[in-house]
Amino acid sequence: MLDATIASVAGVDAPDGVYGTGQTITITVDMGAPVQLGGSVSAFPAGLTLAGTTNLAPLTSPAAYNTLASQLVFTYTVVAGDDLASLAYASTAALALNPGTTLRTANGVDADLTLPAPGAT
């Protein structure tokens with residue numbers, strides 16, 4: 001019997017703190033089950049849109065395609081003018097894959113990329 005479990009976002013975590021321009025913030029998305037990137041190989045397969053359309057945290061882990069991982073790690077570099085509000089993710093749809101990229105369980109079930117409401121985790 002094939003496991004049809006759907007991986008979905010169980011939580012989003014980023015360290016509290018005060019960050020200056022040029023410092024990096026690691027944002028971890030817990031997928032609740034192991035997932036793997038697949039499809040078209042891209043140097044930038046997925047991103048997490050932070051509030052405002054110009055702030056994007058690129059996926060940094062897993063760095064390899066077809067590697068199972070229960071967490072997705074995004075790294076954001078603080079730019080001049082960022083503040084607490086602009087560093088929150090933008091919406092429940094802020095986690096996105098580039099065209100041709102997939103995020104699936106080992107059995108090929110597409111992951112649900114819906115994030116908790118901003119501020120909920």
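A salt bridge is a side-chain nitrogen of Lys or Arg within 4 Å of a carboxyl oxygen of Asp or Glu. Hi everyone, I start with that because our chain has a nice example to look for. Please keep in mind that this is a predicted model.

So, how many salt bridges does this rule give? The count is 1. The partners are Arg104 and Asp110, whose side chains meet with 2.5 Å between N and O. Are these two buried or exposed? Neither, in fact: Arg104 is partly exposed, because its relative accessibility is 33%, and Asp110 is partly exposed too, because its value is 45%.

Now let's step back to the whole chain. There are 121 residues, and 36% of them are buried. The chain has 7 strands and 0 helices, so if you read the elements from the N terminus you get β-β-β-β-β-β-β. The accessible surface comes to about 6,500 Å², and carbon and sulfur atoms hold 56% of that. Here is a number I like: take the contacts in the chain with a separation of 6 or more, and 67% of them are between residues 24 or more positions apart.

Next, how do the strands pair? Put your finger on strand β3, residues 46-49. Strand β3 runs antiparallel to β6, residues 95-97, and 3 bridges join them. One place to see this is Leu48, whose bridge partner in β6 is Leu95. Strand β3 also pairs with β4, residues 56-61, again in the antiparallel sense and over 3 bridges. There, Gly47 has Pro58 as its bridge partner in β4. From β4 we can walk on to β5, residues 69-77, which is antiparallel to β4 and joined to it by 2 bridges. Look for Leu59, which has Phe74 as its bridge partner in β5.

A little background while you look at those strands: in a regular strand, side chains alternate between the two faces of the sheet.

Let's go inside now. The largest nonpolar core holds 27 residues, and those with the most contacts inside it include Val29, Leu48, Phe74, Leu95 and Leu115. Strands β2, β3, β4 and β5 each give at least two residues to this core. Which strand gives the largest share? That is β2, with 7 residues. You may recognise Leu48, Leu95 and Phe74 from the strand pairs we just walked through.

Leu115 is a good residue to click on. Setting aside residues up to four places away in sequence, Leu115 touches nine names you can tick off: Val9, Val12, Val29, Leu48, Tyr89, Ser91, Thr92, Ala94 and Leu95.

Leu113 sits in the segment after β7. Why do we call Leu113 buried? Because its relative accessible area is 19%, and the cut-off for buried is under 20%. Beyond its neighbours within four places in sequence, Leu113 is in contact with Val9, Met31, Thr92, Leu95, Leu97 and Leu103. Leu113 and Ser8 are 105 residues apart in sequence, and yet their C-alpha atoms are 6.3 Å apart in space.

My last stop is Thr28, in strand β2, which covers residues 24-39. Thr28 counts as buried because its relative accessibility is 19%. Leaving out neighbours within four places in sequence, Thr28 is in contact with Gly11, Val12 and Asp13, and also with Gln71, Leu72 and Val73.

That's my tour, thanks for listening!

Terms used. Residues numbered from 1 in each chain as written. Predicted model: local features only at pLDDT ≥ 70, side-chain atom pairs only at ≥ 80, totals over all residues. Heavy atoms only, no water. Pairing = 2+ DSSP bridges. Helix = DSSP H or I, 4+ residues; strand = E, 2+ residues; numbered from the N terminus. Buried < 20%, exposed > 50% of the residue type's maximum accessible area, 1.4 Å probe, protein only. Contact = heavy atoms within 4.5 Å. Core = buried A, V, L, I, M, F, W, Y, C linked by side-chain atoms within 4.5 Å. Areas by Shrake-Rupley, 256 points an atom, 1.4 Å probe, with all protein chains shown as cover.
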